Amino acid sequence: MVTETSSDDGRAFRRETERVVNEIAQGLRRLDDGAGWFGSLSLVRQQGVLQAVTGYAMQAHMTAADGRVGVARSGVKPTANPSVMICMDPPRYGFAGLPFGEYVNAFRVLVSGFAVADARRRERYCKGACTHAWHNLSAAARTVGAPGTGPCA
Ligand SMILES: [Zn+2]
């Protein structure tokens with residue numbers, strides 16, 4: 001793993017990642033658009049994004065069933081390695097260990113599976129009234145620089 005950025009830059013990038021992924025999950029951004037953003041990053045950053053989204057998916061308690069729904073929505077073939085991994089019970093998460101050529105597919109599958117799990121969490125627990133910064137993106141945009149704190153952060 002190469003460290004290529006200052007910590008400030010790293011923080012800004014983590015915020016950007018969180019925003020892009022949650023905009024996709026909440027239907028504010030198209031998956032194709034997100035995949036284009038992901039594909040424009042360096043491989044080191046792509047690995048970082050895959051690891052970050054893996055963390056989001058685990059936090060949202062993504063299941064193998066969520067993974068199957070996600071694969072169906074992702075545009076990635078069900079036989080591709082990332083699709084097979086995410087449909088395992090429990091899902092396998094070593095996406096950053098895949099060959100580089102599979103990273104974009106891994107991103108599509110992983111974000112799609114996370115979106116399914118996160119939609120369930122928003123519906124059951126958040127009900128439009130939570131303090132998760134990443135569930136309140138328009139509010140977050142008005143208070144740029146506010147710390148992304150919340151009870152489940
Ligand atoms: Zn929430």
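This report walks through a predicted model of one protein chain, from its overall make-up to its zinc site and a few single residues.

## Ground rules

Because this is a predicted model, local features need pLDDT of at least 70 and side-chain atom pairs count only at pLDDT 80 or more, while totals for chains, interfaces and linings use all residues. Residues are numbered from 1 along each chain as its sequence is written, and side-chain values use heavy atoms, with hydrogens and water left out.

## The chain as a whole

Let's start with the overall picture. The chain has seven helices and zero strands, where helices (H or I, at least four residues) and strands (E, at least two) are DSSP runs numbered from the N terminus. Read from the N terminus, the order of elements is α-α-α-α-α-α-α.

Of the 153 residues in the chain, 42% are buried; buried means under 20% relative accessible area, exposed over 50%, and partly exposed in between (1.4 Å probe, protein chains only). About 8300 Å² of the chain is exposed, and carbon and sulfur atoms supply 54% of that area (Shrake-Rupley method, 1.4 Å probe; for residues, only the protein chains shown count as cover). A contact means heavy atoms within 4.5 Å. Among contacts between residues at least 6 apart in sequence, 66% join residues at least 24 apart.

## How confident is the prediction?

The predictor's confidence in each residue is its pLDDT, which runs from 0 to 100. The chain has a mean pLDDT of 88, and 86% of its residues reach 70 or more. Among the elements, α2 has the highest mean, 98, and helix α7 (residues 137–142) the lowest, 59. Over residues 142–153 the pLDDT is below 50, and this stretch has 11 contacts in the model beyond near neighbours in sequence. Where pLDDT is low, the predicted coordinates should not be read in detail.

## The zinc site

Four residues supply the protein donors of the zinc ion: Cys126 and Cys130 through SG, and His132 and His135 through ND1. These donors lie 2.0 to 2.3 Å from the zinc ion; donors are N, O and S atoms within 2.8 Å of the metal (3.2 Å for Na, K and Ca), and water is not among the atoms, so sites may look incomplete. Along the sequence, the donor residues follow the spacing C-x3-C-x1-H-x2-H.

The arrangement is tetrahedral because the four donor atoms subtend angles of 100 to 116 degrees around the zinc ion, and four donors count as tetrahedral if all angles lie between 85 and 135 degrees. For four tetrahedral donors, the ideal angle at a metal is 109.5 degrees. Both cysteines are buried: Cys126 has a relative accessible area of 6%, and Cys130 has 18%.

## The nonpolar core

The largest nonpolar core holds 32 residues, and Trp37, Phe38, Val49, Leu50, Phe95, Phe107 and Leu110 touch the most other members. Such a core is a set of buried Ala, Val, Leu, Ile, Met, Phe, Trp, Tyr and Cys residues joined through side-chain atoms within 4.5 Å. Two or more residues each come from α1, α2 (31–39), α3 (43–59), α5 (81–86) and α6 (103–126), with α6 giving the most, nine residues. In soluble globular proteins, nonpolar side chains tend to be buried together.

Looking at residues more than four places away in sequence, Phe95 touches Leu50, Thr54, Pro82, Met85, Ile86, Tyr103, Ala106 and Leu110. Val53 of helix α3 is buried at 1% relative accessibility and touches Val21, Leu110 and Val111, again leaving out residues up to four places away. Thr17, in helix α1 (residues 7–25), is buried at 3%. Beyond its neighbours within four places in sequence, Thr17 is in contact with Trp37, Val49, Ala52 and Tyr56.

## Loops worth a look

The loops hold some details too. Between α5 and α6 sits Pro90, and the peptide bond from Asp89 to Pro90 is cis, with omega near -5 degrees. In the loop between α3 and α4 (64–74), His61 has a phi near 55 degrees, a positive value in a residue other than glycine. His61 is exposed, with a relative accessible area of 60%.

Leu28, in the loop between α1 and α2, is also exposed, at 58%. Leaving aside neighbours within four places in sequence, Leu28 is in contact with Glu23 and Leu137. Leu28 and Leu137 are 109 residues apart in sequence, with 9.6 Å between their C-alpha atoms.

How values were computed
Tetrahedral: all angles 85-135°; square planar, octahedral: opposite > 155°, others 65-115°.
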